[in-house]
Amino acid sequence: MIRSILPIIIIGEKKIDKTRKNTIIRVNKMRRELVTQGAEGRVYNAEWLGGSVIIKQRFPKQYRHPDLDAHITRERMKAEARALTRCRICGIKTPVVFDVDFEKNEIILENIPQSMTVRNYIYEAAKNNILMDSELMLDLAEKIGQVLAKLHSNHIIHGDLTTSNMLLVPPYESSDIILIDFGLSSIDERAEDKAVDLYVLERAILSTHPNTEPFVAQALSVYELSGGKVAKDVIKRLDEVKLRGRKKLCFG
Ligand SMILES: Nc1ncnc2c1ncn2[C@@H]1O[C@H](COP(=O)(O)OP(=O)(O)OP(=O)(O)O)[C@@H](O)[C@H]1O
Ligand SMILES: [Mg+2]
């Protein structure tokens with residue numbers, strides 16, 4: 001959209017006049033600031049077409065065969081862009097996808113300004129002696145339950161649900177949940193995949209944040225109540241997934 005109304009686009013260090021009336025002018029390299037470096041890639045904050053964006057760059061894994069690595073990277077980028085856009089169509093808040101560049105293995109996303117991860121929000125709350133079963137925290141759990149019910153009713157499986165992959169914007173107490181990091185996502189109607197999604201989240205919350213049993217219970221009960229028949233089946237399935245998880249832990 002933005003491209004079509006602007007005659008000039010910036011690619012790396014070149015400025016190109018799309019009207020081709022002027023010759024190519026070299027400009028400074030695009031400014032980038034590293035936000036995080038994970039095992040799979042880097043996240044940068046940058047300026048792009050005059051606005052603030054997030055660039056998610058995936059780098060090659062040395063232990064994988066290059067062809068397989070290129071295939072996996074491409075599939076994850078496609079999955080991410082697809083799910084982010086699908087969420088927006090379904091009314092779930094996610095960053096806008098501006099561009100997908102398979103040559104540089106980068107996705108350019110809307111930067112959610114002043115955002116804070118739910119993980120850091122919970123840490124801050126704990127520092128301020130706010131209990132996990134307080135109204136404020138249970139409200140947050142309720143919002144998580146609601147957004148996940150909506151996600152799953154649209155058959156979107158996130159694949160890596162953690163409190164780091166949920167953002168809040170100011171005023172944080174009344175913020176909607178903004179979902180990010182869909183590189184492992186898929187589209188699936190089965191209760192099994194949705195239950196595994198919830199199981200991953202439950203484990204992530206309980207292992208990252210102390211005393212969160214009531215918080216998790218609230219998120220799951222709101223999920224079940226607001227997600228209709230689909231959600232009821234998923235919660236039923238979740239018990240089986242948990243049982244399997246425990247057996248795996250016990251017997252390897
Ligand atoms: N659109 C965005 N706006 C603001 N901040 C963002 C945005 N996307 C990511 N971030 C910040 O960068 C962090 C890492 O992003 P993300 O979770 O997408 O990458 P990752 O965990 O490294 O990815 P992956 O699991 O695919 O390797 C987030 O926790 C958040 O703090
Ligand atoms: Mg992440």
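# A walk through the predicted model

Of the 252 residues of the protein chain, 29% count as buried. The structure is a predicted model, and its secondary structure comes to seven helices and 13 strands. Among the contacts that join residues at least 6 apart in sequence, 61% link residues at least 24 apart.

A place to begin is the interior. The largest nonpolar core has 42 residues, and those with the most contacts inside it are I144, L179, A195, F215, A219 and Y223. Helix α4, which covers residues 135–153, gives the most to this core, contributing eight residues. The core also draws on both domains, taking at least three residues from domain 1 (31–110) and at least three from domain 2 (116–251). If residues up to four places away in sequence are not counted, I144 touches M166, I177 and A219. Apart from this core lies another, of nine residues, and among them are W48, V53, I54 and L109.

From the cores the path leads to the strands of domain 1. Strand β4 (residues 32–37) and strand β5 (residues 41–48) run antiparallel and are joined by five bridges; within this pairing, R32 stands opposite A46 in β5. The connection from β4 to β5 is a hairpin that passes through three residues. Strand β5 is in turn joined to strand β6 (residues 51–58) by eight bridges, and these two strands also run antiparallel, with N45 standing opposite I54 in β6. I54 is also one of the residues of the nine-residue core. The hairpin of β5 and β6 has two residues between the strands, and in this hairpin L49 takes a positive phi near 50°.

These strands also take part in the surroundings of ligand 1. The strands β4, β5, β6 and β8 (106–110) each supply at least two residues of the shell around ligand 1. There are 21 residues around the ligand, of which G38, E40, P95, I112 and D181 come nearest. Sorted by class, the shell has seven nonpolar, nine polar and five charged residues. Like the largest core, the shell around ligand 1 includes residues of both domains, with at least three from domain 1 (31–110) and at least three from domain 2 (116–251).

Another sheet deserves a separate look. Strands of a sheet pair through backbone hydrogen bonds, either parallel or antiparallel. Here an open sheet of three strands has the order β9-β11-β12, and its pairing is antiparallel. Because β9 (116–117) and β12 (178–179) stand at the edges, each with a single partner strand, one side of each is left without a neighbour in the sheet. The pairing of β9 with strand β11 (residues 166–168) is antiparallel and extends over two bridges, and M116 has L168 in β11 as its bridge partner.

Both M116 and L168 appear again in the surroundings of Y121, a residue that has its place in helix α3 (residues 118–127). Leaving aside neighbours within four places in sequence, Y121 is in contact with M116, L168 and Y172. Why does Y121 count as buried? Y121 has 20 C-beta neighbours inside 10 Å, and it therefore counts as buried, since a residue is placed in that class if 20 or more other C-beta atoms lie within 10 Å of its own. Y121 and T163 are 42 residues apart in sequence, while their C-alpha atoms are 9.3 Å apart in space.

Some details of the backbone remain. Most residues other than glycine have a negative phi, and most peptide bonds are trans. The peptide bond from P170 to P171, however, is cis, with omega near -10°, and P171 has its place in the loop between β11 and β12. N105, in the loop between β7 (97–101) and β8, has a positive phi, near 55°. With 18 C-beta neighbours inside 10 Å, N105 counts as partly exposed. N211, which lies in the loop between α5 (191–208) and α6 (213–226), likewise has a positive phi near 55°. N211 has 12 other C-beta atoms within 10 Å and is therefore exposed.

Technical notes:
Residues numbered from 1 in each chain as written. Chains lettered and ligands numbered in written order. Predicted model: local features only at pLDDT ≥ 70, side-chain atom pairs only at ≥ 80, totals over all residues. Core = buried A, V, L, I, M, F, W, Y, C linked by C-beta atoms within 7 Å. Helix = DSSP H or I, 4+ residues; strand = E, 2+ residues; numbered from the N terminus. Domains from an automatic or database assignment. Contact = placed C-beta atoms within 7 Å. Pairing = 2+ DSSP bridges. Near = placed C-beta within 6 Å. Nonpolar A, V, L, I, M, F, W, Y, C, P; charged D, E, K, R; others polar.
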